[in-house]
Amino acid sequence: ARLLGGTADDPVVGILDRDESRNLTKRLHLEPDLLRPGVVALPGEELPPPGCGLDLVVLDTPPGHLSLDSLRQAQLVVVPVLPETNGVITLTEYLDNLE
């Protein structure tokens with residue numbers, strides 16, 4: 001089914017949980033109100049087809065090398081990091097390994 005109503009200021013977003021821990025999926029089941037209108041949790045692990053009505057798909061990936069397939073499919077990668085020395089060092093090492 002095609003979702004309608006996405007705009008540049010209010011895109012239709014799909015969230016895909018590819019982390020084997022499934023913590024994101026579990027959290028959304030416990031707190032479904034976290035999904036605002038226009039945000040949908042996608043089933044499975046496959047990217048939805050073009051033209052499905054989603055403006056953006058956010059992938060939650062496992063850490064490390066297990067995320068490589070997802071990173072290859074991405075147009076933009078966001079790596080959350082704690083603002084502390086160890087977090088920055090780990091991020092630098094992670095980015096070096098990706099290259």
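Three salt bridges turn up in this predicted model. Opposite charges can pair off when their charged atoms come close, and the pairs here are worth taking one by one.

Start with Glu45 and Arg22, whose side chains meet with an N to O distance of 2.4 Å. Glu45 sits in the loop between strand E2 (39-42) and strand E3 (56-60), while Arg22 belongs to the loop between E1 and H1, so this bridge ties together parts that are 23 residues apart in sequence. Both ends are partly exposed: Glu45 has a relative accessible area of 36%, and Arg22 comes in at 26%.

Next up is Arg27 with Glu31, where the closest N and O atoms are 2.7 Å apart. Again the partners are partly exposed, with relative accessible areas of 44% for Arg27 and 31% for Glu31.

The remaining pair joins Arg72 to Asp69, with 3.1 Å between the closest N and O atoms. These two are three residues apart in helix H2, which puts about one helical turn between them. Arg72 and Asp69 are both exposed.

Then there is an arginine that goes without. Arg18, found in the loop between strand E1 (13-17) and helix H1 (23-30), is buried but makes no salt bridge. Its nearest side chain of opposite charge is Glu45, 5.3 Å away; with the cut-off set at 4 Å, that pair does not count as a bridge. Glu45 is, as noted, the partner of Arg22 instead. Arg18 still has plenty to touch beyond its sequence neighbours: leaving out residues up to four places away, its contacts are Glu45, Glu46, Leu47, Leu59, Asp60, Pro62, Ser70 and Gln73.

On the nonpolar side, such side chains tend to be buried together in soluble globular proteins. The largest nonpolar core in this model is made of five residues, namely Val12, Leu16, Leu42, Cys52 and Leu54. One of them, Leu16, touches fellow core member Leu42. Leaving out residues up to four places away in sequence, other contacts of Leu16 include Pro43, Gly44, Val57, Val58 and Asp60.

Some nonpolar residues end up outside, though. Leu68, Val77, Val79, Val81, Val88, Leu95 and Leu98 make up a surface patch with about 470 Å² of accessible area between them. Helix H3 (residues 85-98) supplies the largest share, three residues. Val79, by contrast, is placed in the loop between helix H2 (68-73) and H3, and its relative accessibility of 32% makes it partly exposed.

Methods. Residues are numbered from 1 along each chain as its sequence is written. This is a predicted model: local features need pLDDT of at least 70, side-chain atom pairs count only at pLDDT 80 or more; totals for chains, interfaces and linings use all residues. Side-chain values use heavy atoms; hydrogens and water are left out. Patches are made of residues with over 30% relative accessible area and no salt bridge: like charges are joined within 9 Å, nonpolar side chains (Val, Leu, Ile, Met, Phe, Trp, Tyr) within 5 Å. Accessible areas come from the Shrake-Rupley method with a 1.4 Å probe; for residues, only the protein chains shown count as cover. Helices (H or I, at least four residues) and strands (E, at least two) are DSSP runs, numbered from the N terminus. Buried means under 20% relative accessible area, exposed over 50%, partly exposed in between (1.4 Å probe, protein chains only). A nonpolar core is a set of buried Ala, Val, Leu, Ile, Met, Phe, Trp, Tyr and Cys residues joined through side-chain atoms within 4.5 Å. Contact means heavy atoms within 4.5 Å. Lys and Arg count as positive and Asp and Glu as negative; His and the chain ends are not counted.
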